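Here is a walk through one protein chain. Keep the sequence and the 3D view side by side as you read.

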Amino acid sequence: MVLVRPADGAALDPVGAETEALIEEARRRRRRRWARGLALGAAVVGVVAVVIVLWSASGARSPGAGTVTRAGVLPNGAFAALHVAGPLAVAPDGALYVTDVVRRDFQSGGDRVLVRLPDGRFRVVAGTGRIGFCGDGGPAIDAELSGVSDLAVARNGTLYIADGGRIRTVTPGGAIHTIVGNGAPRRTIAHGTPALSAALGSGAPNPLHIALTPTGRLYIATGYSQILRLTTSGKLDTIRAVVASGPLKGPVGGWGSIAVDAHGNIDVSCGPGGWTIWQVAANGIAHRVVGPARGSGGSCPILRSGSGGAIYMAGVTRVTSRRLVPASAAIAAVSTTINGQYFPVTYVAFSPNGTLYADDIPGNIGFERHQQLRAITPNRTRLLWQEDNPTPG
C-alpha cells in the first residue's frame, strides 16, 4: 500500500501505517513458509538420491540384472562354471566366495573369484579368466588376476585377494584396488616400507597368504621368511618371530598360511623343520604347536579363524597354545564319503553360523575321480559342487 500525504501537510494516516506493517509481516511469513517448503523438498530429493545411490551400489537388484549376491555385498557379473575350486572365504552375510583355478595348477592359484548363489549357481565377482594384471580402479569383474593364493573378507564386506605378488581389494561397490605390493620380484621387506612399494614376488611356488583380525588389521605371510602387518598409515610393519630357547633359538621363518586368534596370537604353518604349526605371541616369541613332520608331503596346511576367534588347521583340528584339538565338524567331513569318495580337506572357511566350507585336493594331484566342495556341520555334510578331475589318478 502506498501512503499519500494530505495536501495540508497532516500526518500519515495511522490506520494505513498499521495495515502496511501487517502486510509486510504477512509477506515475511509467506517467505519463511516458502523457504521451509523449498528446504523440505530439497531434503526429500536428497534422501531419495542417497537411497538410489546406495541401492545401486549394493547390487540389490533383480537376478536378471547380473548384480545380485546373497545380501548385495558385492556387485557381480555373469554366471560362470567353477572349474577347479581353490581358496575360499565367507562374507559376514554368509556369501561363499570360491577361487576358480582356471589354470588348473594347484600350486599357482587361480584367476577368477566366484560367489555361490543360494540356488547353487556361481557368478563372477573378480577376474576375467585371463591371466595378467590390470583393472585397478575399475570394476573387479573386468580386471585380470595373476594367480589367487588366498582370500579374506572384512566385516564391511570388502573382499581381500592375495593375487600373485600383490594384495588387492574389491570394495562393496565392486571396484578393485591394489593396496599392497608392486609386482616386483620378491625380496626382504624393510620395516616401514610403503605398502605399494613392497616387492612381494610373483606368487608360486611360495604364494602370499593373508589374514584379517576382527578389527580389520591385515597380516601377510610372504611365503619365505616374513610376517607383515599393514598399518593405518599405509606402511608395512615387519613382525620378527623369535624362538627363545632350544635348538632353533633365534629368528624363524619360512611361513605358509597365517591366521590371527582372538588373543592377538599369530598362527602360521610350515616354518623350519618341515610341516609344522607355529604360534607367535604379540611380543614376537614363537613356539611350535605341532611338528615337524619331515617328508609328510603336500603343501603347508591352511589355517582359518572359526567361532570365537579359534584357529583351525585345514578344518580338521583346532589350534590351541600347545596342541591340536580334533574338530567334530571336520571329523564328519573326512569320515563321510559322498559317492564313495574320500575327502582330503585342503582349503577351508567358516561362515558366521559355524558352517565349515571345504574343498579337497584338485585333480592334478590325482587322488580321486572328482574334486568336491562341501558344507559341513557336526551332524551333516552336504555336497555343494563336484567336478571330474582333469587328470585323474
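Is the disulfide of Cys-270 and Cys-300 left-handed or right-handed? The torsion about its S-S bond is about -115°, so the disulfide is left-handed. Keep in mind that this is a predicted model.

Stay with that bond for a moment. A search of the whole structure turns up one disulfide. It joins Cys-270 to Cys-300, with an S to S distance of 1.7 Å. Cys-270 sits in strand E18 (residues 266–270), while Cys-300 sits in the loop between strand E20 (286–293) and strand E21 (303–305), so the bond ties together parts that are 30 residues apart in sequence. The two ends are not covered alike. Cys-270 has a relative accessible area of 11%, under the 20% limit, so it is buried. Cys-300 has 25% relative accessibility, so it counts as partly exposed. Another cysteine, Cys-134, is partly exposed at 31%.

Now turn to the nonpolar interior. The largest nonpolar core has 27 residues. Those with the most contacts inside it are Leu-82, Leu-88, Leu-96, Val-98, Phe-122, Tyr-357 and Leu-373. Several strands give two or more residues to this core. Among them are strand E2 (85–90), strand E3 (96–100) and strand E5 (122–126). Further along the chain, strand E25 (345–350), strand E26 (356–360), strand E27 (370–377) and strand E28 (380–388) do so too. The largest share, five residues, comes from E25.

Phe-122 is a good place to look inside this core. Leaving aside neighbours within four places in sequence, Phe-122 is in contact with ten residues' worth of surroundings that include Ala-78, Phe-79, Ala-80 and Leu-82. Its contacts also include Val-98, Leu-114, Val-115, Arg-116, Leu-373 and Trp-385. Apart from this core lies another, of 20 residues. Leu-117, Leu-151, Leu-159 and Val-170 are among its members.

Next, follow E2 and E3, which both feed the largest core. E2 is mostly covered: six of its six residues are buried. E2 and E3 pair in the antiparallel sense over four bridges. One of the bridges can be traced by name: Leu-88 has Val-98 of E3 as its partner. Both residues are listed with the most contacts inside the largest core. The hairpin of E2 and E3 has five residues between the strands. In this hairpin, Gly-94 takes a positive phi near 95°.

What order do the strands take in the open sheet of five? The order is E10-E14-E13-E12-E11, and the pairing is antiparallel. Strand E10 (193–194) and strand E11 (209–212) are the edge strands, each pairing on one side only. Within the sheet, strand E12 (residues 218–221) and strand E13 (residues 227–230) pair in the antiparallel sense over three bridges. Here Tyr-219 has Arg-229 of E13 as its bridge partner.

Finally, ask how far to trust each part. The mean pLDDT of the chain is 75, and 66% of its residues reach 70 or more. Confidence is highest in strand E9 (residues 176–180), at 98, and lowest in helix H1 (residues 14–58), at a mean of 43. Over residues 1–27 the pLDDT is below 50, and this stretch has eleven contacts beyond near neighbours in sequence. Residues 40–72 also stay under 50, with 35 contacts beyond four places in sequence. Where pLDDT is low, the predicted coordinates should not be read in detail.

Key: Residues numbered from 1 in each chain as written. Predicted model: local features only at pLDDT ≥ 70, side-chain atom pairs only at ≥ 80, totals over all residues. Heavy atoms only, no water. Core = buried A, V, L, I, M, F, W, Y, C linked by side-chain atoms within 4.5 Å. Buried < 20%, exposed > 50% of the residue type's maximum accessible area, 1.4 Å probe, protein only. Contact = heavy atoms within 4.5 Å. Pairing = 2+ DSSP bridges. pLDDT = per-residue confidence, 0-100. Disulfide = S-S within 2.5 Å.
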